[in-house]
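Biologist: Could you take me through one part of this model up close, the helical part, and how it packs? Start with whichever residue you like and work outwards.

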Amino acid sequence: MTMGIGAKLRQAITSSFIEVRMDDAEVQIAPASVLVPKPELAPKPEVAVVVPEPVLKIDPLTPPDLNAALRTDGSLNDDVVYRGAILAQVPFTAEQAIDVLVELPSGVTSRRRCQAMQEAIAVVTDDLSNAGHLVVSDAAQKMVSLNLHLNRSREELKSFRRHVAEEMDRLHEQLNRLRILVDETNANYNALDEAGRERVDNLTGVIAFFDEFQAYLRSEESAAEGSSAELPAYLRDDTARKLLGMGQEKDAA
């Protein structure tokens, strides 16, 4: 039996629904694509753009600032030498002990030196023995820090001298190349100058020659004009002239 157009249309519409049977009752629901809502897209988190700091390129030919570790009087600048070192705070420092010992006159006895140090430490603390231990510890720590600074400065100096030597070698090579270029250019100029002078001499000779050549042409032209105005010797003879009929017009006259 042929299905009509209306029946086919109803069947196509009905097939687009999902049939669910509950308690012998048919419940028609829309397709899943219609019922399930589209998930909302979460907003993209904002990403902070971190711009890297420019890296400062140190010129290897820049000398290390070794003078910064010295004061104007030539003594060490502790703030620079001990920079970065973790030093304990002590009531009496190793530098203070150095000042006490330096100010003592030469030849003073060991007892007098100890008494002078005792008097200086007693100004800042009553625990003389502990202060002595702290001074030794402070001196040892600063010695390590100073040695590190000196070693670092020595390496900086070696690196600077190495780069300077390399640059000097490069400059010497460049100077040698420039000297060779100057010598080659001088030789080329000398060859050019010699060839140019030879050509100038040749051109000068050409000019001088054509002065003579023009005089020669003029003289030849004058000679040709003079010879054409005078009769040859054989025509000057009367017999030859009569034979040739020359002069008849003159006799007739």
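**A close look at the helices**

Modeller: Let's start with His149, which is buried because its relative accessible area is just 12%, and buried means under 20% (exposed is over 50%, partly exposed in between, with a 1.4 Å probe and protein chains only). One caveat early on: this is a predicted model, so local features need pLDDT of at least 70 and side-chain atom pairs pLDDT 80 or more, while totals for chains, interfaces and linings use all residues. Residues are numbered from 1 along each chain as its sequence is written, and side-chain values use heavy atoms, with hydrogens and water left out.

His149 sits in helix H6. Ignoring neighbours within four places in sequence, His149 is in contact with Ala69, Val80 and Val81; contact here is heavy atoms within 4.5 Å.

H6 spans 128-229 and belongs to a chain with eight helices and two strands. Helices (H or I, at least four residues) and strands (E, at least two) are DSSP runs, numbered from the N terminus. Along the sequence the order reads α-β-β-α-α-α-α-α-α-α. Buried residues like His149 make up 10% of the 253 residues, and 49% of the contacts with a separation of 6 or more join residues 24 or more positions apart.

H6 also has a hand in the largest nonpolar core. That core has ten residues: Phe92, Ala97, Val100, Leu104, Ala116, Met117, Ala120, Ile121, Ala131 and Val135. The rule behind it is buried Ala, Val, Leu, Ile, Met, Phe, Trp, Tyr and Cys residues joined through side-chain atoms within 4.5 Å. H4 (94-103), H5 (110-122) and H6 each put in at least two residues, with H5 giving the largest share, four. Met117 is a handy one to click on: leaving out neighbours within four places in sequence, Met117 is in contact with Phe92, Ala97, Val100 and Leu101.

Over on H4, the buried residues are Ala94, Ala97 and Val100. They cover an arc of only 115° around the axis, so they end up on the same side of H4; the arc uses directions from the helix axis to the C-beta atoms. Turn H4 round and the face pointing away from that buried side carries Val102 and Glu103, both exposed.

Now back to H6, for its rings. Four aromatic pairs turn up in the count, taking rings of Phe, Tyr and Trp (its six-membered ring) with centres within 6.5 Å as pairs, planes under 30 degrees apart as stacked, over 60 as edge-to-face and the rest as tilted. Phe209 and Phe210 are one edge-to-face pair, at 5.3 Å centre to centre and 90° between the planes. For Phe213 and Tyr216, the centres are 6.4 Å apart and the planes at 35°, which makes that pair tilted. Phe213 and Tyr216 are both in H6, three residues apart, or about one turn of the helix. Why that spacing matters: an α-helix has 3.6 residues a turn, so residues three or four places apart point the same way. Ring pairs tie Phe209, Phe210, Phe213 and Tyr216 into a cluster.

How covered are those rings? Phe209 is partly exposed at 44% relative accessibility, and Phe210 is partly exposed at 40%. Phe213 counts as partly exposed at 31%, and Tyr216 is partly exposed at 44%. His149, also in H6, is buried.
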